[in-house]
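Please look over the structure shown below before reading the explanation. It may help to keep the chains apart by their letters.

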Amino acid sequence: MIHIPDFAHATTVQIIFCFLAFITVATAFLTIFSRNPIHSAIYLVICFFSIAGHYLLLNAQFLAVVHIIVYSGAIMILFLFTIMLMNLNEQRDVHRPRITRLGAIVSFCLICIVLIAIFINSKPIVGEYDSTGEDFQSIKVLGKILLNEYMVPFEFASILLLVAMIGTVLLSKKEKLNK
Amino acid sequence: MEMDTNLALVLVLAPFLGFLINVFFGKSLGRTVSGIIGTAAVVVSFLVTIFFFNQITLTGKAIQITLFDWIQISNLKINLGFLLDQLSLLWLLFVTGIGSLIHLYSISYMHDDENMHKFFSYLNLFVFFMITLVIGSNLLVLFIGWEGVGLCSYLLIGFWYKNQDYNDAAKKAFIMNRIGDLGLLIGMFILGSMFSTLDYATLKTAIAGAANLNIPLLSLAALCLFIGACGKSAQIPLYTWLPDAMAGPTPVSALIHAATMVTAGIFMVTRLNFVFDLAPDVQTIIAIVGGITSLVAATIGLVQTDIKKVLAYSTVSQLGLMFLALGFGAYEVAVFHVITHAFFKACLFLGSGSVIHGLHGEQDMRKMGGLRSAMPITFWTMLVSSLAISGVPFFSGFFSKDEILLTAFHHNKALYVIGSIASIMTAFYMFRLMFLTFFKDFRGTEEQKHHLHESDGLITFPLMILALLATFGGVISLPGNSWLNEYLAPLFTKVAGEEHHLGTTEYILMGVAVLGGLLGILIAYIKYFKQDNVPESDENITGLAKVLYNKYYVDEAYDVIFVAPVNALSKFFRDYIETGLSALVFGLGKVTNELGFQGKKLQSGSIGLYLFAFVLGLCAIVSYIFLAQ
Amino acid sequence: MNTLIAITGLGIFCLLFEILNLRKGIIPFTILGLLGVLALNFSEFGSTESYYNNMIAVSKFSTTFSSLFIVLTIFLVALSHNFYENHPTKISDFVAIKIFLLAGGVAMVSFGNFAMFFLGIEILSISLYVLAASERLNLKSNEAGMKYFLMGSFASGIILFGICLIYGAMGSFDIVEISEYSLSAELPIWFPIGMILVVIGMLFKVAAVPFHFWAPDVYEGSPALTTALMSTLAKVVAIATLYKLISALNFIPSLENQDHLATFENIIVIISIASMTVGNIMALRQVNVKRMLAFSGISHAGFMLMTLLSISTSAGVLLYYTSAYALAGIAAFSVVLYVCKNQDNEDITNFHGLGKTNPLLAAILTGSLLSMAGIPIFSGFFAKLFLFNQTIEAGFLILVIVAVINSIISVGYYFKLILAMYSKEPNQERTGKPFLIYGVAIISMTLNIVLGLFPSLVLDLLN
Amino acid sequence: MGNILNQIGIENYIFLCVVLFCIGIFGVLYRRNAIIVFMSIEIMLNAVNLLFVAFSTYHQDAQGQVFVFFSMAVAAAEVAVGLAILVSIFRNLGSISIDNLKNLKG
Amino acid sequence: MNVSLILIILLIGAFATYLVGDKLASKVALFFSLAALGCSVVLTNHFLAGESISLINAWITQPKISFALNADGLAIAMLLLTVALTPIIIFSSFGNEYKNAKGFYALILFMAFAMTGTFLAADGLLYYIFWELALIPIYFIALIWGNGDSEERRKAVVKFFIYTLAGSLFMLVAFIYLYQKAGSFLIEDLYKLNLSACEQLWIFLAFFLAYAIKIPIIPFHTWQANVYQKAPTVGTMLLSGIMLKMGLYSVIRWQLPLAPLAAKEYMNIFIALGIAGVIYGSIVALRQKDLKKLLAYSSLAHVGLIAAGTYTLTIDGLRGAVLQMIAHGFVVVGLFFAAEVIFRRFETRNISEMGGIRIQSPKFTSMFLILVLASVALPSTFNFVGEFTVLYSLSQINVWFAVLGGTTIILGAYYMLKMFQHVMLGDKNAKTFADVTINEGISLVVIIAVLIFFGFYPKPITDLITPSLETILNVINKN
């Protein structure tokens, strides 16, 4: 059944996991509940950092670094810029009708319960997690896989970024009024 | 055979040709010419009929002619063919004979009408259909003629179409006839399914040869056929159209509604005597219906003031007597009365037409009187005919009516009494008519009086011929020595002449009948000659007379019982059921439409709601698949 | 594979054209280029190969559907000329985005690895977000873009989660491997859950009830050409991909192994019925033509979902249905584009009297609506026929009867538009005969009818 | 070094990610501020990313981590486009509350 | 040479008519319709000479659908009805000016094409396609060239369309179901099926819905009167003269042989429905104020009787039904044309505003009267032959059916003569009524001639249809 960490004999790893998990969930909640968007953003950054911590825990160092760079470094900055640009603060956040809040909470509980229930219902993983001992997540291996096996998606991702770029420009470009 | 076929075609088609000529060229030919053509066409038929008649009296063999296949039904094949036998030729004789006379009469009578060519074309068409009816070799050909004459009757009653009342009368005639026609059709269906044929000759042999006949079914067929006859021959309950049919020009009344068409029912029953003989219950019904009709019509006739209406009810009454005879299986007696009736009733109608013509359209007897001197020929011919119809001895009607009463006496005393009373009444109202019309002083306007004159030769000639026939027509079937019975004998399976020997009873009965007739005449004489009574004007009629005058309110009753409900039903269907059904169908559309309208509210534009639905849907699907078991 | 590369290259060329200041040549060039790609794609027809570690798996299914996408894109690009007349500086961007969108679509139907699938769907979605919001000064367009974006990314999240679970179960993203594992008896429950989540994400893309709410709003708010694109190309891509997902991964047999098949089929039946019914009923009271067509699209999605019930045999039917639907949609939208060119909305009143002022286009719109309604000789009828045939064969008679009732309801709103064209008085003058719009309308309608007369042309490609 | 999951258990990662994912969903539903909604979506994506890495470890397979790269690229692209749309809405409307986006309905 | 030639002529005619422009459209349409008629006559001769003029071509491989046309006697009779009435209908419209005439006449020819196809098709799906195709032209004809308030017209026409489509879609489902069983849509393969009673019942009902709406049998008739009233007379003629016959023909060709057990089991119900239609239609017709509506209800009554005849499953019933179909086709076209003639002069369809026509226009009155009489099945008209046969067959099932069905004789006469009286007779109307023009006269005379000729000599038609009807009956009775 559920693999309950034995807190009395918790290993370091387990303690770290619990700690990180707690931070992740808590900051995620705080992100949502914060009135001030800036606070939200900051909580979100913390959340991202905690996730990076999980990555490190799972020994995915490269990914952790990339994660921090992309999310905390790029995406969050983008968010913050936008927030600043719009000069948002607490007061700008509109009143939420009770029904929406209720609906949100209901659906949250529902989907949580449903998904967790399914996973609990499912057959538990029996036995040890195998460990081949091979290196599978070093930068080297990742690079090989990314640029050999996954070369096409890699290139294709560039198309995605190109589209996003064109799109963003398209959406923000002022037209010359030539009539 | 070839010759016969051709001649028969001439016989049938001559009037049709006349019809076509008059339809297409009548207007340009002029009134007289079109009248002559019309008359000539019928005369041709008459001559051919005489030829055939001679032939058959010599050989005694019926002529059967088949033209071509007509309707194909699984078990019966119906062809268009003719049967010229004793019965049909007899009928043809007086149809074309009297037809010719009436055509002749009409030339003068209708001369002032702008649509005279049409009149003649319709008359010709009528004769055509009547001939078809009579000489058809099977029931379906008869049915062509049957409906065809109904159509012509419709056209001619409504001849003066500008008057919607006349059109109503025409329509009524047609529809009531059609009720009968339905009966006839059903009768045919039953006969057809029973014997796989509708041909008279084969039907007769089939019935004769059939073992284990289904008598109840056959009776049903006979009853249905009789309903058909009721419609055409104006018997209770389908008689009300005939008096109304007097809306048509008088020659039409004479030809169609007295002499020929209305006798089609009798013709048909006589034709199918072998069917009716096997259905004694139906025969009883026929007799009862006939008897009651004759009495009821006679009572109504007692108080009518319209000269043609009197004659019309008299016709209904006489037809009733004929059915009385048919009901007792005395077909030849009925036929005899048909013939004599054709003579004197045609004469009476034509005479009344002459009167009306003389009075420029006046039909109310209360405004007549004293026409004897102005119109002597008309008077005398009508008097003769009245005597004949009243059963005064040695006129034709005496013989025929007497035979009917004799037959009735032998079979059913009650019906005999009814028939006798009807006869007495007949004598009364006929002479009431005579006294009111021809005796005493003229009660019309001065202007009418000024113009009183005898009609011209074209009118009086047919009158005289018919009066002669009405007088001496009885000779064809004198008691004890009946040419007619012998002539018709091949048609009937059983010899129906048990009363051929004249005994004391018969003579007593004869005397009673004569006395009755004279009694009727006497009462009329006292009331309308001696006491100088003139019928009250409409609003002063009271009591029983009022009921009679209003024809027992039968028309009104029919209106209330049949017409009004159908109309109400129609209105109900139209206003409620139709709209209801329509609304139901529209309603389905409306409901879906309304759903669409309500659904729009759900599509509120709120992303939150959309996502909420998304999440709910997701939860529902996932939990249905993975948690439901 | 070559098709995908060629399309991508074409998109980049479009951008280059703008740099080289050859704006006028963009559209003809693109159309020619796409025709070339079409030919290229056709040349691959019949081969079953996989490229680059099975990233792209070319099969009959993928080539035929790719061809359909390319044809649709040709029409859409041709329509762009007129539509973006007033935005000469942006035309290359628009066209390029459309081409990339096509690339995304092609990647989606020919994916051999979930990475390609995910990237494809994201390219498609992001292009659509951009196109939906592309009238930046129009609040409606903004709103449409925003709504689509929010819900679309939400759905992407779901899909990603699904892919993740599949990966968790299988340890691979390769569809060949997954399809092999999926038949094994010992299967973590993550796989079916993951699949269901991916399927739900795709159901969102095809706008099936209850994941359909975005469609009407987004269709209405987006610029008309984008709506055309969404309702034809995007929807076809989504349903084809969904079909491929389910069929290529042996999802149905795997469900059967775990006794989940009946429930899954029930769900498809329910969603299909709900989509048809909701779409049709809601469409009845719409006054905006685009919105109406959105609901009509929802109902058609319901019809198309019926193919999932007989997954092993219905590929041809799906191709036929989508072709019929998309061609009719293109024809209808080209008329809508023409009629509503200078209007600020697409209300039905704009169509009043079109039968008198412009009988040809009115006839074409009528034809396309009749096709969508499923009236014979138009291919829409045969599409429904084959679909019903297929579905009855699979044993879902009730579903077919519901579908039939829905077809009847759908006539109600299709004919509302036809009525407006023929029985109302015209309320505006229309001048000009834009060649490309006429061309697109006529060609797509002709293709539609040709498909109707010779359904075997398309139907037999995949049988 | 053994598999770290022996100490934590893949289920726990799944539960963590499910909860995080649901929080993301909750945020999307709960907040009207479009920016926060974006952030919630990012939380959802991150939850998945975390799970990818966990599964990657579970299978001792690098593909899962590679996929995370793509996922990040997608997230970045989405955010860029989303914010662009948001900015243009803000310009037109002066607000970024998604409650104000109700012109299209019915 | 085979029957597809006629289809081709009509289709090409439709396009040609559209292309020649408004001025010539009517004449070109007439030309093509006459060409089709001529061609049909020639083909009929070939058929009678024993040649096979049917054809069968593969069309769609999967599902197996063929382009199969089967011209047996029954189909040829209906074909002749269609191609004979089409020129009459087109010719009858010569007195009217239509906007956009090219479209109008092209649609007429297209409709003739579709209806011909329906009669000839020997493949279930091909038949269905033609069946639906016929619906579209009439929809536009009624919608665009119809009369009366446009809003109401729209309602009526849309209702008609949706309603008929609704019925036929269920037929489509039935066809697909049959296909699953037989593996082919070809009629002979479908005839060979041995379905269980339950299956047959459902198939029968699905077909019945389609046909009951088209024919129409009560209570599915609500579209009829309104559409007849609102449609232009040409459309009404096409609808009542030919299109209704599609439904009746289909009952004989498809419904009965495909579901004989159900047909036998529930025969009485369906006969009763037909007869109820007779009585109901007649009674409603009594109180109609609008001439065209009255004729519509009379049509309802007549087709009710025909339908009852077909459901008797006897050779007489079928034969009578077919004869009556043809006769009714002609007479109803004639009557609607007469209504149009009146409308051209009085500009009203309201019976109460008519009257007094006979004085001014005797020729027209005579023709009208003949049509009225034919409509009430006076012996010596074609209608009588049909009606008699049908009633006879009903009497074989149950005499009461014949009695109730026979009320049409009485009620029919009642409402028709009442109508005739108020429309034609009476004193002079204030409005002038010019007698029929030559063009009008020709149409009417042709119709009348046909009615009377076959009234006396229906043998050619009987001989034509009987063998094929017997074949169908054999299929029905195979178990």
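The paragraphs that follow consider the contacts between chains, then one helix, then the two domains of one chain, and then an annotated span.

The model is predicted. A useful starting point is the way in which the chains meet. Eight pairs of chains are in contact, and among these pairs chains A and D share the most contacts. On this interface, 71 residues of chain A are in contact with 68 residues of chain D. The side of chain A that touches chain D draws at least two residues from each of the helices α1 (12-33), α2, α3 (61-86), α4 (98-121), α5 (139-149) and α6 (151-172) of chain A. Sorted by class, this side of chain A has 48 nonpolar residues, 17 polar residues and six charged residues.

Other pairs of chains do not touch. Between chain A and chain E there is no contact, and their nearest C-alpha atoms are 38 Å apart. Chain D and chain E do not touch either, with 24 Å between their nearest C-alpha atoms.

One of the helices of chain A permits a simple check of geometry. Helix α2 of chain A covers residues 37-57, which makes 21 residues. Because each residue is taken to add 1.5 Å, this helix should span 30 Å, and the distance of 30 Å between its end C-alpha atoms agrees with that expectation. Just after α2(A), the residue N59(A) takes a positive phi of about 70°.

Attention now turns to chain C. This chain is divided into domain 1, residues 1-259, and domain 2, residues 274-463. How far apart do the C-alpha centres of domain 1 of chain C and domain 2 of chain C lie? The separation of these centres is 22 Å. Across the boundary, 36 residues of domain 1 of chain C are in contact with 40 residues of domain 2 of chain C. On the side of domain 1 that touches domain 2, the helices α3 (60-83), α9 (214-221) and α10 (224-248) of chain C each supply at least two residues. The helix α10(C) gives the most to this side of domain 1, with 13 residues. By class, the residues of this side of domain 1 of chain C comprise 25 nonpolar, eight polar and three charged.

Chain E carries an annotation from a record. An unreviewed UniProt entry places the feature "domain: NADH:quinone oxidoreductase/Mrp antiporter transmembrane" at residues 123-407 of chain E. In the model, this span of chain E is 82% helix and 0% strand, and its end C-alpha atoms lie 39 Å apart.

Technical notes: Residues are numbered from 1 along each chain as its sequence is written. Chains are lettered from A and ligands numbered from 1 in the order in which they are written. This is a predicted model: local features need pLDDT of at least 70, side-chain atom pairs count only at pLDDT 80 or more; totals for chains, interfaces and linings use all residues. Two residues are in contact if their C-beta atoms, placed from the backbone, lie within 7 Å. UniProt positions are given in the numbering used here, feature names are shortened, and annotations may be inferred rather than shown by experiment. Helices (H or I, at least four residues) and strands (E, at least two) are DSSP runs, numbered from the N terminus. The expected span of a helix is 1.5 Å times one less than its number of residues. Ala, Val, Leu, Ile, Met, Phe, Trp, Tyr, Cys and Pro count as nonpolar, Asp, Glu, Lys and Arg as charged, and the others, Gly among them, as polar. Domain bounds come from an automatic or database domain assignment.
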